[in-house]
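Hi there,

Here is the structure I promised to pass on. Please have a look at it, and then read on for what turned up in it.

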Amino acid sequence: MDLADSARGSQPPVWTVLEFESDAEDDAPLARALADGLSPDGGWYADYRVGDKERVVVFAGRVFRYAGADDPRRTEAIAYGASVGVPEHQLDWKD
């Protein structure tokens, strides 16, 4: 995916998007593995849905979970993402 026009700072101009599905009932091990593995530099994050109700946004060392656009935890995730260098236009997770 060529994102040269929207990449900021140390973000590369070309990204690889990984999509996957799981029938695991507990996503906590995945969230922890992502939080442990993501680089704290460059505004890296991962996001995914758990069922129809919960969005999970993972940064290096931090996991945010929220249920819908009105959930105050979504606002916290956006503020944290901005504080670690995620460009504003990338803080638009679909709920």
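A residue counts as buried under 20% relative accessible area, as exposed over 50%, and as partly exposed in between. With that in hand, E76 is easy to place: its relative accessibility is 44%, so E76 counts as partly exposed. E76 belongs to helix α2. Its C-alpha atom lies 9.6 Å from that of Y66, although the two residues are 10 apart in sequence.

Before going further, please keep in mind that this is a predicted model. The mean pLDDT of the protein chain is 86, and 85% of the residues score at least 70. Confidence is lowest in β1, with a mean of 92, and highest in β3, with 97.

Now for the overall picture. The protein chain holds 2 helices and 3 strands, and reading from the N terminus the elements follow the order α-β-β-β-α. The chain has 95 residues, and 32% of them count as buried. Its accessible surface is about 6,400 Å², with 51% of that belonging to carbon and sulfur atoms. If you look at contacts between residues at least 6 apart in sequence, 35% of them join residues at least 24 apart.

How are the strands arranged? They make an open sheet of 3 strands in the order β1-β2-β3, and the pairing is antiparallel. The edges are taken by β1 (45-50) and β3, each of which has a single partner strand, so one side of each is left without a neighbour in the sheet. From one strand to the next, the twist averages 15°.

Let me take the two pairings in turn. Between β1 and β2, which run antiparallel, there are 6 bridges. Among the residues paired here, Y45 has F59 in β2 as its bridge partner, A46 is matched with V58 in β2, and V50 is matched with E54 in β2. The hairpin of β1 and β2 has 3 residues between the strands, and G51 takes a positive phi near 65° there.

The second pairing joins β2 (residues 54-59) to β3 (residues 62-66) through 5 bridges, again antiparallel. F59, the partner of Y45, also stands opposite R62 in β3. Further along the pairing, the bridge partner of R55 is Y66 in β3; Y66 is also the residue whose C-alpha atom is 9.6 Å from that of E76. The hairpin of β2 and β3 has 2 residues between the strands, and in it G61 adopts a positive phi near 80°.

Which strand is largely enclosed by the rest of the structure? It is β2, because 5 of its 6 residues are buried.

The helices come next. Helix α1 (residues 28-37) packs on the sheet and touches β1, β2 and β3, with its direction at about 140° to that of β3. Helix α2 lies across β2 and β3, and runs at about 150° to β3.

Finally, there is a pair of aspartates to compare in the loop between β3 and α2 (72-83). D70 lies in that loop, and D71 is found there too. Are they buried or exposed? D70 has a relative accessible area of 78%, so D70 is exposed. D71 has a relative accessible area of 11%, so D71 is buried. The side chain of D71 makes a polar contact with the side chain of R73, at 2.6 Å. As for D70, its C-alpha atom is separated by 9.8 Å from that of D95, which is 25 residues away along the chain.

If you open the model, you could begin with the loop that holds D70 and D71, and then follow the chain into α2, where E76 sits.

Happy to talk it over whenever it suits you.

Best wishes

Note on methods: Residues numbered from 1 in each chain as written. Heavy atoms only, no water. Pairing = 2+ DSSP bridges. Helix = DSSP H or I, 4+ residues; strand = E, 2+ residues; numbered from the N terminus. Buried < 20%, exposed > 50% of the residue type's maximum accessible area, 1.4 Å probe, protein only. Contact = heavy atoms within 4.5 Å. Areas by Shrake-Rupley, 256 points an atom, 1.4 Å probe, with all protein chains shown as cover. Polar contact = N/O pair within 3.5 Å; in protein donor to acceptor, adjacent residues only side chain to side chain. Axes fitted to C-alpha atoms, helices over the stretch in contact; angles between N-to-C directions. pLDDT = per-residue confidence, 0-100.
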